[in-house]
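I opened my notebook for a friendly walk through this fold. Here is what I looked up, entry by entry.

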Amino acid sequence: MKIIKHCSQTFPTTATGFLVGMDAKSTLEITNSFPFPTIELPPTDGHHDNNAMSNHTAAAPRHKANTIYQNEMIRKLREVNVDANNVGWYTSANLGNFINLNMIENQYHYQKELNERTVAIVHDVSRSSQGSLSLRAFRLSPAFMLAYKENKFTTE
């Protein structure tokens, strides 16, 4: 519910955050989510560039300040004895439009740096507003991870 609320409140801007939970045997349990802090970009030439803001937000999961924020939140959750393992991240989408280089780079970062079982949850706000909840989980395959590592993947 927190993911849906955050994505709906920021629509049409991309919303991102991280997921905590437990990796129990063959099941990845997501127990909580936290939005990444909003970073305001200075206007360019007196105009606010929505495309630059959207690109910056989409890159948020691997942004250094957000990595520090995630680690601090996880440390605080552990202090109060709550499930506090980083199990992935989430983002919002508009009419199924979410697979891009930022999405791939973010998920690659999570699977390479944290755990190969981390997931990306995508909430499509537009499709959900049409009557059925659109909430999907994604993970990069080992074959794709290898191809991406060896620079055998392009978006062209």
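**Entry 1: a glutamine pair.** I began with side chains and found that those of Q107 and Q111 make a polar contact at 2.9 Å. I kept in mind that this is a predicted model. Q107 sits in helix α4. Buried or exposed, I wondered about Q107? Its relative accessible area is 2%, so I noted Q107 as buried, the cut-off being under 20%. I then listed what Q107 touches beyond four places in sequence: W89, T118, V119, A120, F138, R139 and L140.

**Entry 2: the helix against its neighbour.** Next I asked at what angle α4 and α6 pack. I read about 105° between α4 and helix α6 (residues 142–149), with the axes 11 Å apart. The two helices are therefore roughly perpendicular to each other. On the α4 side I wrote down L101, I104, E105, Y108, Q111 and K112, and on the α6 side F144, M145, Y148 and K149. Sorting the residues of this contact gave me six nonpolar, one polar and three charged. Q111, the polar-contact partner of Q107, is among the α4 residues that meet α6.

**Entry 3: the sheet.** I turned to the strands and traced an open sheet of five, in the order β2-β1-β3-β4-β5, with mixed pairing. Which strands stand at the edges? They are β2 (27–35) and β5 (135–138); each has a single partner strand, so one side of each lacks a neighbour in the sheet. Ignoring direction, I noted an average turn of 30° between neighbouring strands. Strand β1 (residues 16–24) pairs with β2 in the antiparallel sense, over eight bridges. I looked up one bridge there: M22 has E29 in β2 as its partner.

**Entry 4: helices on the sheet.** Helix α3 (residues 64–79) packs on the sheet and touches β1, β2 and β3, and I read its direction at about 45° to that of β1. My helix from the first entry, α4, lies across β1, β3, β4 (119–124) and β5. Its run relative to β3 is at about 175°.

**Entry 5: a loop phenylalanine.** Last, I went to the loop between β3 (85–93) and α4 (101–113), where F98 is placed. F98 has 7% relative accessibility, so I logged this residue as buried too. What does F98 touch, leaving out residues up to four places away in sequence? I found A93, M103, V122, R136 and F138. With V122, 24 residues apart along the chain, the C-alpha separation is 8.0 Å. I closed by noting that F138 appears in the contact list of F98 and in that of Q107.

Notes:
Residues are numbered from 1 along each chain as its sequence is written. This is a predicted model: local features need pLDDT of at least 70, side-chain atom pairs count only at pLDDT 80 or more; totals for chains, interfaces and linings use all residues. Side-chain values use heavy atoms; hydrogens and water are left out. Helices (H or I, at least four residues) and strands (E, at least two) are DSSP runs, numbered from the N terminus. Buried means under 20% relative accessible area, exposed over 50%, partly exposed in between (1.4 Å probe, protein chains only). Contact means heavy atoms within 4.5 Å. A polar contact is a pair of N or O atoms within 3.5 Å; within protein, one must be able to donate a hydrogen and the other to accept it, and residues adjacent in sequence count only if both atoms are side-chain atoms. Axes are lines fitted to C-alpha atoms, for helices over the stretch in contact, and angles run from 0 to 180 degrees between N-to-C directions. Angles under 35 degrees count as roughly parallel, over 145 as roughly antiparallel, 65 to 115 as roughly perpendicular and the rest as oblique. Ala, Val, Leu, Ile, Met, Phe, Trp, Tyr, Cys and Pro count as nonpolar, Asp, Glu, Lys and Arg as charged, and the others, Gly among them, as polar. Two strands pair if DSSP finds at least two bridges between them.
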